[in-house]
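Here's a quick tour of one pocket and a few backbone oddities. Have the model open and follow along.

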Amino acid sequence: MFSQRAVDALKEAESVVVLTGAGVSAESGVPTFRGAGGLWREYSATSLATPEAFRADPRLVWEFYNYRREVLAPLAPNPGHYAIASLEDSFARFTLITQNIDNLHRVAGTREIVELHGNIWRVRCTNLGCERYTLAWENRDVPIDPLPPRCEACESLLRPHVVWFGEMLDPEQLRRALVAVDDCDYLIVAGTSAAVQPAASMPMTASRGGAFVLEVNPEPTDISPYMSEAVQEPSGVALPRLLEAAFGG
Ligand code: BV8
């Protein structure tokens with residue numbers, strides 16, 4: 001459970017950032033990245049979420065993302081997503097920064113979203129010169145036969161519009177995230193093992209900037225000792241309670 005100090009600081013906050021990872025979607029039934037659900041067939045998600053894996057076997061990587069889309073399609077936001085969406089209008093400035101690609105924050109109603117690692121429902125052409133390249137587009141019925149799908153405009157391979165390990169983040173998304181983290185006076189980091197950079201450094205940056213940093217995670221992480229407060233509860237329980245305590249639900 002969080003302290004009255006954590007609640008009071010949130011009530012007085014002017015600029016709030018919420019940073020989420022796969023754990024926030026766990027209560028929706030989405031396997032976390034490194035948990036038991038992080039494995040698919042005999043592969044680990046981290047070995048397939050790379051440009052090298054796509055270059056070596058685009059079909060296998062597309063099957064991996066189609067599998068995850070099939071798992072995701074029937075799932076819905078959980079109370080943690082909805083609590084974050086309800087927080088958005090309580091502050092002068094609010095930014096949700098998510099590492100998740102599952103789109104559940106948008107479905108829950110959050111508007112100001114930085115998708116650090118992209119979105120599993122968006123695809124883009126691999127041909128940098130193609131006009132579709134810059135239009136990464138929603139395409140929930142990407143042709144899954146024949147795999148891997150090709151661009152209608154230039155016939156090049158399509159790829160998931162996500163950031164793979166070893167790839168640079170979209171500069172505009174990263175800029176928006178860093179501006180929000182520098183500006184914030186309160187940061188909630190929820191559902192992340194804080195293993196992946198540059199997202200993992202953002203809570204520490206906020207803390208160094210004088211923000212109150214609240215971590216929500218049933219397990220301790222490497223950043224827990226540096227947080228203003230660490231609440232070891234599921235986000236679907238802790239975040240609605242925090243919203244209730246600060247703003248009456
Ligand atoms: C970059 C999209 C510059 C794809 C993802 C060596 C060589 C090359 C690179 C590196 C290197 N060393 C470091 C790097 C940088 C690398 C990195 O950080 N690697 C790590 C693994 C060491 N980062 C990058 O490559 C990034 N780009 O840095 O560019 C660069 C370029 C080249 C070389 C150097 C630098 C790009 C990273 C983006 C990767 N893409 N996703 C896809 O999803 O398919 S990351 C992936 O992991 C997901 O987005 C996921 O969100 C993210 C982080 O994981 P978590 O969200 O934290 O999830 P996890 O399962 O780990 O933890 C869940 C947590 O939830 C747990 O703590 C659990 O306790 C908790 N939990 C469980 N239930 C609940 C809960 N919490 C609350 N409530 C619950 N109910």
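Is Glu 155 buried or exposed? Glu 155 counts as exposed, because its relative accessibility is 53% and the cut-off for exposed is over 50%. Keep in mind that this is a predicted model. You'll find Glu 155 in the loop between strand E7 (137–138) and E8.

Glu 155 also has a positive phi despite not being a glycine, and Ala 194 is another non-glycine residue with a positive phi. Here they are side by side:

| Residue | Phi | Relative accessibility | Loop |
|---|---|---|---|
| Glu 155 | about 75° | 53%, exposed | between E7 and E8 |
| Ala 194 | near 55° | 13%, buried | between E9 and H9 |

Ala 194 counts as buried because its relative accessible area is 13%, and buried means under 20%.

Now stay with the loop between strand E9 (186–190) and helix H9 (202–208), where Pro 198 is found. The peptide bond leading from Gln 197 into Pro 198 is cis, and its omega is near 0°.

On to the second largest pocket, which holds about 430 Å³ of space. Its lining is made up of 19 residues, and those nearest the centre are Arg 124, His 161, Val 163, Asp 170 and Gln 173. Sorted by class, the lining has eight nonpolar, seven charged and four polar residues.

Which elements build that lining, with at least two residues each? They are strands E5 (113–115), E6 (118–125) and E8 (158–162), plus helix H8 (171–183). E6 gives the most, with three residues.

Technical notes. Residues numbered from 1 in each chain as written. Predicted model: local features only at pLDDT ≥ 70, side-chain atom pairs only at ≥ 80, totals over all residues. Heavy atoms only, no water. 1 Å grid on protein atoms, 1.4 Å probe; cavity = no way out; pocket = protein on both sides within 12 Å on 5 of 7 lines; lining within 4 Å. Points joined across faces, edges and corners; volume = space filled by probe spheres on them. Helix = DSSP H or I, 4+ residues; strand = E, 2+ residues; numbered from the N terminus. Nonpolar A, V, L, I, M, F, W, Y, C, P; charged D, E, K, R; others polar. Buried < 20%, exposed > 50% of the residue type's maximum accessible area, 1.4 Å probe, protein only.
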